Amino acid sequence: ALAFFGTTFDALQQIEIPSLVAPESREVFDREYRLVLDGHAAASRIEVKVFTSTGTERWADVAAFSITRDNVRHVALLGVDITQRKSDAQRLATAHRTLRRQRDEAERASSAKSRFLAAASGSPVFHSGMNSAFGSSFAVSSEIGYGCASSLPASTMHGAFTVEMNARSTL
């Protein structure tokens, strides 16, 4: 608790731990604390955001249970620092949302491409244009294959091959 709250033993004795619970966790903490204190629950376990003595935000998995001393019921608290786990879970959730958004965008792009190709495939202009591209690239790659076009730049040979492969996959 000393390292978690960033304080000394004497200072920790003066602090009421519930007062360090963050406002957004306070209602749940107070409800569970009250259930244990009033005897309606033997124990309770919750995750709460707390602030250290220096104001640093931390997360704790807190188990609360009742103890009786001098015929007076008290609540004992045991806490485990889960700050790193909460941080990791937040990063994982953010990455998951990003991946889901990217997947959805890719699916929309793929669907748009499919609609375009379906619409274009019925067009005579599309077929005649692709046929000419295919024929030209085939002629150039045939020359390349026979070693007759050794004077062509490598980028031209690569381009002809790429056009031919794209034409083959489209037709």
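Modeller: The protein chain has six helices and three strands, and in this predicted model the elements run α-α-α-β-β-β-α-α-α from the N terminus on.

Biologist: What makes β2 and β3 a pair?

Modeller: Two strands pair if there are at least two bridges between them; β2 and β3 are joined over ten bridges in the antiparallel sense, so they satisfy that condition. A60, for instance, has D81 in β3 as its bridge partner.

Biologist: In which order do the three strands lie in the sheet, and why do β1 and β3 count as its edges?

Modeller: The order is β1-β2-β3, with antiparallel pairing in an open sheet. β1 and β3 (72-81) each have a single partner strand, so one side of each is left without a neighbour in the sheet, and that is what puts them at the edges. From one strand to the next, the twist averages 35 degrees.

Biologist: Why is the space inside this structure called a cavity?

Modeller: The word is used for a set of points where a 1.4 Å probe fits but cannot get out. The structure holds one cavity of 30 Å³ or more, and the largest cavity has a volume of about 40 Å³.

Biologist: Which residues line the largest cavity, and how do you know which class each belongs to?

Modeller: The lining consists of F29, E32, Y33, S44, I46, V62, A64 and L77. Since Glu counts as charged and Ser falls among the polar residues, E32 is the charged member and S44 the polar one, which agrees with a lining of six nonpolar, one polar and one charged residues. Among the elements, α3 (23-37), β1 (43-51) and β2 (57-69) each supply at least two lining residues, and α3 gives the most, with three.

Biologist: What makes a group of residues a nonpolar core, and which residues form the largest one here?

Modeller: The members must be buried residues of certain nonpolar kinds, joined through side-chain atoms within 4.5 Å, and buried means under 20% relative accessible area. The largest nonpolar core is made up of V21, F29, I46, V48, V50, A60 and V62, seven residues in all, so each of these seven has under 20% relative accessible area. β1 and β2 each supply at least two residues of this core, and the largest share, three residues, comes from β1.

Biologist: How much of the chain is buried?

Modeller: Of the 171 residues in the protein chain, 22% are buried. In soluble globular proteins, nonpolar side chains tend to be buried together.

Note on methods. Residues numbered from 1 in each chain as written. Predicted model: local features only at pLDDT ≥ 70, side-chain atom pairs only at ≥ 80, totals over all residues. Heavy atoms only, no water. 1 Å grid on protein atoms, 1.4 Å probe; cavity = no way out; pocket = protein on both sides within 12 Å on 5 of 7 lines; lining within 4 Å. Points joined across faces, edges and corners; volume = space filled by probe spheres on them. Helix = DSSP H or I, 4+ residues; strand = E, 2+ residues; numbered from the N terminus. Buried < 20%, exposed > 50% of the residue type's maximum accessible area, 1.4 Å probe, protein only. Axes fitted to C-alpha atoms, helices over the stretch in contact; angles between N-to-C directions.
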